[in-house]
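Here are a few exercises to work through with the structure open. Try each task before you read its solution.

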Amino acid sequence: MPLLENGQVVEDPWTMIGPDDPLPPTGAVPKNAVIVPLSRLEEGLARPPGGKLGVALAPDDEIAVLRTALPRLALVAVTFPTFRDGRAFSQCRALREHLDFPGEIRVTGRPLPDQYEFLLRCGASTVLLPEGDDPATWARAHARFTTAYQPAVRDERAEGFGLRRLLGRLPA
């Protein structure tokens, strides 16, 4: 499946390890970067240094459980089991704003192209496109919105907030 970063397809250096898959020794997978389920995080942290470690969260997993592990993690994957389940938005924002996670936040599952720009504004770095999705559709969605009305995790200014305050529609 294609991996998008800033609307462009990029190479995916990560290997996803399932709940029952054996954890490969350090150096045994290409790029030496593995993503483990949260249930196997301790096992991943016990690997010898030298590789990159990521963790995959379910929508109902609490971000706070990662607080002590985050300095050793290079990636956190959040999941949209369906496009209607927006908990991944909150997980992205909490990772960036509350836990100051500087690494990659990857979105997996079934998000929609229309949600792409909002995911980026919440702190997501990459999106693993759902099976069969056209990367061009996602790239168009990325370019569609040029003005935001609320602050974002990214270093950008919300355009509409000051205008509405000037017009007297919002209290100062």
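**Exercise 1. The cysteines**

Task: Find out whether Cys-122 is buried or exposed, and how many disulfides the count comes to.

Solution:
- Start with the cover. In this predicted model, Cys-122 has a relative accessible area of 13%, and the cut-off for buried is under 20%, so Cys-122 counts as buried.
- Do the same for Cys-92. Its relative accessible area is 0%, so Cys-92 is buried too.
- Now look at the sulfurs. From Cys-122, the closest cysteine sulfur is the one in Cys-92, 6.5 Å away.
- Start from Cys-92 instead and you land on Cys-122, again at 6.5 Å.
- A disulfide needs the two sulfur atoms within 2.5 Å. The 6.5 Å gap is too far for a bond, and the count comes to 0 disulfides.

**Exercise 2. Strand β4 and its neighbours**

Task: Work out which way the side chains of β4 point, and which strands β4 pairs with.

Solution:
- Check the cover first: β4 spans residues 33-37, and 5 of its 5 residues are buried.
- Sort the residues by direction. Ala-33, Ile-35 and Pro-37 point one way, while Val-34 and Val-36 point the other way.
- That fits the general pattern, since side chains in a regular strand alternate between the two faces of the sheet.
- Next, take strand β3 (residues 15-16), which runs parallel to β4 and pairs with it over 2 bridges. Here Thr-15 has Val-34 as its bridge partner.
- Then go to strand β5 (residues 52-56), also in the parallel sense with β4, over 5 bridges. Across this pairing, Ile-35 stands opposite Gly-54.

**Exercise 3. The whole chain and how far to trust it**

Task: Say how many helices and strands the protein has, and where confidence is lowest and highest.

Solution:
- Count the elements: there are 5 helices and 8 strands.
- Read them off from the N terminus and you get β-β-β-β-α-β-β-α-β-α-β-α-α.
- Add the overall numbers. Of the 172 residues, 43% are buried, and the accessible surface is about 9600 Å², with 55% of that belonging to carbon and sulfur atoms.
- Turn to confidence. The mean pLDDT is 83, and 80% of the residues reach 70 or more.
- Finish with the extremes: strand β7 (residues 104-109) is highest, at 96, and helix α5 (residues 160-166) is lowest, at a mean of 51.
- Where pLDDT is low, predicted coordinates should not be read in detail.

Terms used. Residues are numbered from 1 along each chain as its sequence is written. Side-chain values use heavy atoms; hydrogens and water are left out. Buried means under 20% relative accessible area, exposed over 50%, partly exposed in between (1.4 Å probe, protein chains only). Helices (H or I, at least four residues) and strands (E, at least two) are DSSP runs, numbered from the N terminus. Accessible areas come from the Shrake-Rupley method with a 1.4 Å probe; for residues, only the protein chains shown count as cover. pLDDT is the predictor's confidence in each residue, from 0 to 100. Two strands pair if DSSP finds at least two bridges between them.
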